[in-house]
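Hi everyone, thanks for coming. I've got one protein to walk you through today, so please pull up the picture and follow along.

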Amino acid sequence: MYKHFFKRLFDFIISLIALVIISPLLLVVTIWLHFANKGAGAFFLQERPGKNAKIFKVIKFKTMTDERDQDGNLLPDEKRLTKVGRFVRSTSIDELPQLINVLKGDMALIGPRPLLVEYLPLYSKEQARRHEVRPGISGWAQCHGRNAISWTDKFKLDVWYVDHVSLMTDLKVILITIKKVFFRDGISQEGQATMEAFKGNDEIVSSSV
């Protein structure tokens, strides 16, 4: 009953209340990033697969500039990530606009993180099960390493959540997430500004997710 009805109701009510309460913070961060990102804007919209792999546009605060090299290619993440952006990312403030996605029904408060559309054909059958539920702002994998764990481990944790959705699990994720945000734990992989990109089960390359 919780998974198919009350979870969505819970998400909607909490997201609406949260957006009203933090609206002053969102305004301040928007203005702050507008100037820090050197004209690149304060928001980042990107297509991501949701429940049943249905595509939607995720909304996040933009933490990087759009600076490019002489050939017109974007500079590496670590060179485009501003000091302001690093703070916003490390405190997970960049995730807050996704509350709008939750209100719209694209996402849930808790669930597997929405990843890149280009990853869809790369998943194994078991890994693809992460799309049986709405993606979340935080999830079971975020509670167990976030960007600091391997893709293999992350997908196993995502599928575990799919099989164990409950109010108690979601409340546990919320509490652990708050703790990890406070200690800024698992923000990135060692040697990376964010997380290495998934390129199938045998190969990875450096990129932002």
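I'll start with the overall layout, then a hairpin, and then some aromatic rings.

Before anything else, keep in mind that this is a predicted model. The protein has 6 helices and 6 strands. If you read along the sequence, the order goes α-β-β-α-α-α-β-β-α-α-β-β.

How much of the protein is buried? Of the 209 residues, 46% are. The accessible surface adds up to about 11,200 Å², and carbon and sulfur atoms account for 61% of that. Now take the contacts between residues at least 6 apart in sequence: 66% of them join residues at least 24 apart. Hold on to that idea, we'll see examples in a minute.

Okay, the hairpin. Find strand β1, residues 43-49, and strand β2, residues 55-61. They pair in the antiparallel sense, over 7 bridges. For a spot to zoom in on, look at F44 in β1, which stands opposite K60 in β2. Between the two strands there are 5 residues, and in this hairpin N52 takes a positive phi near 60°.

Now the rings. Quick reminder for the newer folks: a pair of aromatic rings is described by the distance of the centres and the angle of the planes. The count here comes to 11 aromatic pairs. Why is the pair of Y119 and F198 called edge-to-face? Their ring planes sit at 80°, with the centres 5.7 Å apart, and an angle over 60 degrees counts as edge-to-face. This pair links distant parts of the chain: Y119 is in the loop between β3 and β4, while F198 is in strand β5, 79 residues apart. Both Y119 and F198 are buried.

There's another edge-to-face pair, Y123 with F155, at 5.3 Å centre to centre and 80° between the planes. That one also links distant parts of the chain, with Y123 in the loop between β3 and β4 and F155 in helix α5, 32 residues apart. So, buried or exposed? Y123 has 10% relative accessibility, so Y123 counts as buried. F155 is buried as well, with a relative accessible area of 2%.

Let's put those together. Y119, Y123, W151, F155 and F198 form one aromatic cluster. And one last thing about W151: the charged end of K154 sits over its ring, 4.6 Å from the centre.

That's my tour, happy to take questions!

Terms used: Residues are numbered from 1 along each chain as its sequence is written. This is a predicted model: local features need pLDDT of at least 70, side-chain atom pairs count only at pLDDT 80 or more; totals for chains, interfaces and linings use all residues. Side-chain values use heavy atoms; hydrogens and water are left out. Two strands pair if DSSP finds at least two bridges between them. Helices (H or I, at least four residues) and strands (E, at least two) are DSSP runs, numbered from the N terminus. Rings of Phe, Tyr and Trp (its six-membered ring) pair if their centres lie within 6.5 Å; planes under 30 degrees apart count as stacked, over 60 as edge-to-face and the rest as tilted. Buried means under 20% relative accessible area, exposed over 50%, partly exposed in between (1.4 Å probe, protein chains only). A charge sits over a ring if NZ of Lys or CZ of Arg is within 6 Å of the ring centre and within 35 degrees of the ring normal. Contact means heavy atoms within 4.5 Å. Accessible areas come from the Shrake-Rupley method with a 1.4 Å probe; for residues, only the protein chains shown count as cover.
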